[in-house]
Amino acid sequence: MKHKSSTDLLQFTPKGIWCPPADVYIDPWRPVKKAMITHGHADHSRYGHRSYLASTTAGPAIKYRLGDINLQTINFGEKINVNGVQFSFHPAGHILGSAQIRVEHKGEVWVASGDYKLEDDGLAEAFEPVKCHTFITESTFGLPVYDWQPQEAVFADINDWWRKNAAEGKVSFITGYSLGKAQRILQGLDSSIGKIYTHGAVENINEVMRLQGIPLPDTIRVTGDISSKDYPTNLVLAPPSALNSAWMKKFKPISIAIASGWMTLRGARRRKAVERGFVLSDHVDWKDLNKAIEATEASRVIVTHGYTSIYTKYLLELGLDAEAAQTEFTGESIDEDDTPSDEKDTTL
Amino acid sequence: MKNFAELFTQLDQTTKTLKKVAALVDFFERANDEDRLWAIAILSHRRPKRTVKTSLMRVWAAELAGVPLWLFEESYHVVGDLAETIALVLPPPTTRHDASLSDWIAVIKSLEKQEDALKKEVVVKAWEGMAYPERFVFNKLITGGFRVGVSQKLMMRALAQFEGQEENSIAHRLMGNWTPDNTTYEELIRSENPLDDVSRPYPFYLAYALESEPATLGDPANWQVERKWDGIRGQVIVREGNLFVWSRGEELVTDKFPEYHHLADLLPDGTVIDGEILPYKAGQPLTFNVLQTRIGRKNVTKKILESAPVVLMCYDLLELEGEDLRTRPLQQRRKLLEKVVKENPSEVLLLSEVIQFSEWEQTAEERANSRQHLSEGLMIKKLDSSYRSGRKKGDWWKWKIDPLTIDAVMIYAQQGHGRRANLYTDYTFAVWNDEELVPFTKAYSGLTDKEFNKITAWVRKNTKERFGPVRSVKPELVFEIAFEGINASSRHKSGVALRFPRMLRWRTDKKIEEANTLADLKSMLELYG
Ligand SMILES: [Zn+2]
Ligand SMILES: [Zn+2]
């Protein structure tokens with residue numbers, strides 16, 4: 001919202017997070033000349049920039065989504081100098097290729113972390129703590145009510161649910177956003193229970209990742225050629241926007257589940273009126289958020305999306321120099337997903 | 001407790017009625033009589049007396065979680081439920097307790113006269129031995145407000161199934177003044193004569209809203225039409241010389257209405273009248289507002305009795321000389337009701353007038369006149385209908401008038417909580433007064449989740465200022481606000497207060513210049529206030 005001082009190495013402008021000496025923007029939400037992108041989710045990676053820089057493993061999905069863009073990639077840990085400012089990308093653990101961007105100029109170090117989580121999910125490169133003076137953090141789940149179970153426990157619940165549905169002759173229908181969450185769920189599914197069918201938006205990303213050499217369990221894209229009799233006892237993996245769509249109505253009998261951090265709240269589960277809500281998030285929970293910030297040893301913290309004002313107040317009480325910044329990042333949503341609209345309509 | 005917590009989890013995990021009933025039956029099969037009785041009590045909104053202040057529970061939970069109290073309160077605001085918030089912030093259990101539902105209730109009851117320090121010790125120890133679902137249920141037992149996504153009706157259906165009894169008979173057994181302290185499961189559910197409780201009311205028969213034209217109901221000669229009065233539906237019972245007044249919410253409200261007390265001597269023993277508790281003065285009803293203020297007061301003072309006196313607008317006769325009349329046709333019950341009211345004249349007993357008509361068109365005219373009578377519309381009842389229990393389709397219909405509406409501009413937005421945490425769902429609306437937008441009401445329902453999503457994204461981008469959880473937004477969005485009534489109010493800057501305001505639709509087709517004015521509201525106040 002306010003600019004602490006115009007000499008800040010990274011500044012919050014109407015176009016995005018700006019580094020004046022390099023004239024580079026991080027995850028900008030308006031078209032700019034030079035953009036560095038933390039990861040491919042739609043609120044961080046947008047159309048219209050003249051040049052893009054992203055991590056090597058994030059590159060393919062970004063390119064797939066944004067099409068013919070001018071994209072350079074960089075390996076984690078590799079350094080690049082722009083006008084005397086040194087940039088490097090470090091794993092954020094959020095989704096495959098997601099990065100924190102470290103910015104160093106005249107001995108001052110800033111880190112813009114995009115979205116991140118500490119638990120190593122086996123798919124995204126594990127989060128790496130980066131020491132800095134100023135840390136820019138999300139706070140999507142920045143309240144003490146959010147406390148994640150280890151993913152093994154969640155996957156066990158998901159597989160139990162699937163097994164039970166299979167025994168009752170039902171289709172297990174589960175949603176998670178198509179880039180990242182879907183593949184993470186996929187990786188945790190027990191393929192011995194049945195077949196895994198995928199929505200087109202999910203399968204497109206699966207294909208991108210398989211081409212990158214990421215091993216994923218076998219999946220079958222849902223198409224009109226498949227008889228609706230084939231689905232019962234098997235599982236369908238789809239993005240949140242497919243929930244209650246005409247597309248979904250073709251699977252029956254059905255049991256519907258959502259995998260999201262928001263499923264912590266009974267109110268959110270009831271609002272979506274699904275049978276099961278599995279608490280699985282690609283963002284940090286409360287304890288890991290605090291752990292991550294402590295590990296940076298930063299004295300100044302800028303809070304972007306999420307419970308910004310509440311979490312800022314908490315950090316101020318801890319004695320940190322904290323402030324909230326207004327951005328157009330949106331965090332995890334159970335109502336909409338990150339899928340571009342042209343990928344949403346997959347007809348049977 | 002594990003059984004009950006598991007029941008709760010299962011009820012929460014399904015939206016299917018059949019599965020809910022099955023889960024309840026399963027619980028009844030496994031539980032002992034004491035746990036059954038308590039489960040029935042809780043699911044019919046009879047919780048144990050509160051023995052621990054919730055303000056203390058918040059402090060203890062914050063302390064255990066290692067977070068400042070204000071942060072706990074912020075979390076509570078987002079979650080929207082105290083029992084859930086506490087269950088979520090507490091650190092993982094260190095041991096596992098093995099006490100039953102009724103054991104825990106006994107523990108909670110034993111805390112009543114204890115020192116706070118001991119209460120804390122007991123509650124903290126309880127928390128430390130429970131996983132999330134048990135903690136949630138335990139907290140709910142203390143704080144009340146147990147909404148488990150299962151209606152009383154489903155619980156009764158399951159119990160009827162489990163006991164092999166009729167649902168109606170179970171519903172009747174569960175009415176009235178009982179608590180698990182003054183009865184047993186055997187006595188309440190299995191005793192031969194459930195009517196030994198003289199205060200016991202009958203389950204109310206509720207009407208469905210008529211969505212189509214009344215002509216679809218067929219021959220007008222088969223129907224009785226009355227006004228739908230805007231008070232509190234109630235049952236007045238006189239048995240063994242005692243008077244009991246029940247509200248539709250199954251609350252015993254005898255003390256709140258001294259006007260009725262002489263009925264104990266006036267009406268013959270074994271009389272039950274279904275009617276509307278209606279504020280009424282000088283030959284006409286007063287607005288619901290008047291009754292609402294009266295109910296809110298702790299004591300019924302002389303002044304209240306003068307300014308907001310009530311009558312009973314009698315609709316139906318359910319019991320006469322101790323005989324249950326509910327299976328008789330309405331036509332007969334009405335005749336007997338007229339007789340009772342005539343033979344026992346009292347200024348608080350008024351007969352709900354039957355509107356004479358031969359063509360359905362005439363009823364439409366009467367409905368259009370509703371506001372002049374301070375009524376909410378019409379009731380349409382089949383002449384041969386019996387008095388059923390609960391909301392049943394087919395015989396009784398309510399045909400309400402269309403709400404009043406006004407187009408207004410959204411100027412503030414606030415995040416909802418619970419079901420709608422993280423969405424901006426609570427808005428403040430304004431109308432024009434010259435060049436100025438004057439706020440006149442808040443509203444938070446009436447839109448779809450999809451619309452709330454869209455508006456939430458819009459609010460984030462169009463915030464002008466933040467005041468804590470409230471954001472002032474650019475005046476740009478226009479909504480049609482519907483409401484049931486309008487009253488003068490000195491507490492509001494606009495000078496008016498609306499009854500049941502809600503958003504009827506988002507007028508994306510309208511510019512803010514096209515919104516209504518304060519003068520429009522004032523003229524509505526003159527017409528309907
Ligand atoms: Zn993301
Ligand atoms: Zn984000």
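Q: Before we get to the charges, which residues count as positive and which as negative here?
A: Lys and Arg count as positive and Asp and Glu as negative, while His and the chain ends are not counted; please keep in mind that this is a predicted model.

Q: Fine, so how far apart are the mean positions of the positive and negative charges of chain A?
A: They lie 4 Å apart, taken over the 38 positive and 44 negative charges that chain A carries.

Q: Switching to the fold, how many helices and strands does chain A have?
A: The secondary structure of chain A consists of eight helices and 19 strands. With 348 residues, chain A has a radius of gyration of 20 Å, close to the 20 Å from the globule rule, so it is as compact as a globular protein of that length.

Q: And what box do its C-alpha atoms fill?
A: Along the principal axes, the C-alpha atoms of chain A take up a box of roughly 65 × 45 × 30 Å.

Q: What percentage of chain A is buried?
A: Of the 348 residues in chain A, 62% are buried, and the chain exposes about 13,000 Å², with carbon and sulfur atoms supplying 50% of that area.

Q: What about the contact with chain B, how many residues does each side give?
A: Chain A contributes 30 residues and chain B contributes 35 residues, and the two chains bury about 2,900 Å² between them, of which 52% is on carbon and sulfur atoms.

Q: Which three residues supply the most of chain A's share?
A: Arg266(A), Arg271(A) and Glu275(A) supply 25% of the area that chain A buries against chain B, which is more than any other three residues.

How values were computed
Residues are numbered from 1 along each chain as its sequence is written. Chains are lettered from A and ligands numbered from 1 in the order in which they are written. This is a predicted model: local features need pLDDT of at least 70, side-chain atom pairs count only at pLDDT 80 or more; totals for chains, interfaces and linings use all residues. Side-chain values use heavy atoms; hydrogens and water are left out. Helices (H or I, at least four residues) and strands (E, at least two) are DSSP runs, numbered from the N terminus. The radius of gyration is taken over C-alpha atoms; the globule rule is 2.2 Å times the number of residues to the power 0.38. Buried means under 20% relative accessible area, exposed over 50%, partly exposed in between (1.4 Å probe, protein chains only). Accessible areas come from the Shrake-Rupley method with a 1.4 Å probe; for residues, only the protein chains shown count as cover. The place of a charge is taken as NZ of Lys, CZ of Arg, CG of Asp or CD of Glu. Contact means heavy atoms within 4.5 Å. Buried area is the accessible area (1.4 Å probe) that two parts lose on being put together, summed over both.
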